[in-house]
Amino acid sequence: MDWTSVQKNIIIHIKAVSKLKFIIFKERFIKMQAKKELFDKYNDQDIQKFTLTNDNGVSISVISLGATWQAFNFPDKNGKTANVLLSQASSKEIMANQYFCQAIGRTAGRITNGTFSIKGTEYHVDQNEGNTTLHGGPHGFNTQVWNGSIEDNKIVLEKHIDSSEDSFPGNIDVKITWTLDDDNTATVTYSAKSDADTLFNPTQHAYFNLSDANNVYGQSLTIDADNYLELNKDKTPSGKMISVAGSAYDFRSGQNIKNGIDDMKASVGHTYDEVYVINDHKAENPIATLSDPDSGRQVSIFSNRNALVVFTPDDLDGVKFERGAGVPHMGIATEAQTLPDTPNHKGFGDIVLPAGEEKSYSISYKAEF
Ligand code: GLA
């Protein structure tokens, strides 16, 4: 072969490789799907459902009512795909049994007496659990119908909430964005801007069950927390942090959930509804990991804030989930956030959203199987 033929062959080869790379790239690009469809109607309003599906067939769905995380579908070790969230099938049910997998804000958890101060000014907000303001009060993020769209393979939900509507200071513009990566990580980002100083401590109230069983007994949980919060009778924080060492609260090296619940009942008389104080950690390390040895499914949770609420409800009677009628411990709620009742306790953190500033918080859920 003469020199010119060698050169020609090399060029043909390079062109072929580039073409192949382009086809592979195109394939990957085409495979990532974003879909918008009508979910149902609520109070005469169209409720939309948005779905992202990645190259591995993993998908997330979010609906515009309450910015509810409706599905996290991924396979088990045998390739059988299932939704690992406790989802309800209609808007009516979602609103009848609130908080399941919904967006929570402006403030996750309980505010004592619905009262707090920002820069010396005292505010009283609407209460919805005795004297307490739970999960942003009666008109929190989970009760809103969000304006949704798909932008660049992201689910974007936006809402302007007037101070007069939810009683918190400041008119607030909130944006909730969901993404799904090819490494099977779903990320929700909450961003907000207000025209007056206000509070912003959002979370996603996901309830997981990684198995096909109707309880989470076979699953185990690891939490990067040396301490949890002491709670008053009404579940508001006393301000005291307690070491988990040597107790049913200790999930540092992983604990089977059934053993934990049994231990809790025997030692403190109730199931988990606890606020864990997350240790200082590197961003690349999860704050918690839920795993199911039977199905081989696992979800790791990433957050750079200092708290994780863990709730294993005893009573789910009368709630109809897509996976079946509610039974005790059918799912486990994990809520990554800043420690609740923040302004009322020294050392809990800072959830003030100063006027005119934008703040963003992300929570990621990495699926493994
Ligand atoms: C959190 C709280 C629980 C309960 C749920 C909502 O997990 O800690 O007490 O209010 O939200 O059902």
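This report describes the sheets, cores, empty spaces and two buried threonines of a predicted model.

## The five-strand sheet

One open sheet contains five strands in the order E1-E2-E3-E4-E5, and the pairing is antiparallel. Strand E1, residues 33-42, and strand E5, residues 81-83, stand at the edges. Each of these two has a single partner strand, so one side of each is left without a neighbour in the sheet. On average, and with direction ignored, neighbouring strands of this sheet are turned by 20° against each other.

Within this sheet, strand E3 (residues 59-63) and strand E4 (residues 68-75) run antiparallel and are joined by five bridges. One residue pair shows how the two strands line up: Ile60 has Phe72 in E4 as its bridge partner.

## The nine-strand sheet

A further open sheet is formed by nine strands, again with antiparallel pairing. The order of the strands is E11-E12-E13-E14-E30-E24-E23-E18-E21. Strand E11 (147-151) and strand E21 (255-256) are the edge strands, and each pairs on one side only.

From the E11 edge, the pairing can be followed strand by strand. E11 and strand E12 (residues 154-161) are antiparallel and share five bridges; here Glu151 stands opposite Lys154 in E12. The hairpin of E11 and E12 has two residues between the strands, and in it Asp152 takes a positive phi near 50°. E12 is in turn joined to E13 by seven bridges, with the two strands running antiparallel. Leu157 has Ile176 in E13 as its bridge partner.

Further along, strand E14 (residues 185-194) pairs with strand E30 (residues 358-368) over nine bridges, in the antiparallel sense. In this pairing, Tyr190 is bridged to Tyr361 in E30.

## The nonpolar cores

The largest nonpolar core has 69 residues. Trp69, Phe72, Trp178 and Phe208 are the residues with the most contacts inside this core. Strand E13 (residues 172-180) supplies the largest share of the core, five residues. There is also a second, separate core of eight residues, and among them are Ile118, Phe168, Leu199 and Val352.

What does Trp69 touch, leaving out residues up to four places away in sequence? The list includes Ile60, Ser61 and Val62, together with Leu85 and Cys101. Trp69 also touches Trp178, Ala186, Gln204, Ala206, Phe208 and Tyr365.

## The cavity

How many cavities of 30 Å³ or more does a search of the whole structure find? The search finds one. The largest cavity holds about 40 Å³ of space.

The lining of the largest cavity consists of Thr68, Trp69, Gln70, Leu86, Ser87, Gln88, Ile94, Phe100 and Cys101. E4 gives the largest share of this lining, three residues. Trp69 thus appears in two settings: Trp69 is among the residues with the most contacts inside the largest core, and Trp69 also lines the largest cavity.

## The largest pocket

The volume of the largest pocket is about 290 Å³. This pocket is lined by 18 residues, of which Arg110, Leu134, His135, His205 and Asp273 are the closest to its centre.

Two elements give two or more residues to the lining of the largest pocket: strand E22 (273-278) and strand E25 (307-311). The largest share, three residues, comes from E22.

## Two buried loop residues

Thr132 is found in the loop between strand E9 (121-124) and strand E10 (133-134). Is Thr132 buried or exposed? Thr132 counts as buried because its relative accessibility is 3%, and the limit for buried is under 20%. With residues up to four places away in sequence not counted, Thr132 touches Arg110, Ile111, Asn113, Gln127, Asp234 and Thr236. One of these, Arg110, is also among the residues closest to the centre of the largest pocket.

Thr338 lies in another loop, between strand E28 (332-337) and strand E29 (352-353). Thr338 has a relative accessible area of 7% and is therefore buried. Apart from neighbours within four places in sequence, Thr338 is in contact with Asn201, Arg305, Asn306 and Ala307, and with Phe348, Gly349 and Ile351.

Technical notes. Residues are numbered from 1 along each chain as its sequence is written. This is a predicted model: local features need pLDDT of at least 70, side-chain atom pairs count only at pLDDT 80 or more; totals for chains, interfaces and linings use all residues. Side-chain values use heavy atoms; hydrogens and water are left out. A nonpolar core is a set of buried Ala, Val, Leu, Ile, Met, Phe, Trp, Tyr and Cys residues joined through side-chain atoms within 4.5 Å. Buried means under 20% relative accessible area, exposed over 50%, partly exposed in between (1.4 Å probe, protein chains only). Helices (H or I, at least four residues) and strands (E, at least two) are DSSP runs, numbered from the N terminus. Contact means heavy atoms within 4.5 Å. Two strands pair if DSSP finds at least two bridges between them. Axes are lines fitted to C-alpha atoms, for helices over the stretch in contact, and angles run from 0 to 180 degrees between N-to-C directions. On a 1 Å grid over the protein atoms alone, a cavity is a set of points where a 1.4 Å probe fits but cannot get out, and a pocket is an open set with protein on both sides within 12 Å along at least five of seven lines; lining residues have an atom within 4 Å of a point. Grid points are joined across faces, edges and corners, and a volume is the space filled by probe spheres set on the points.
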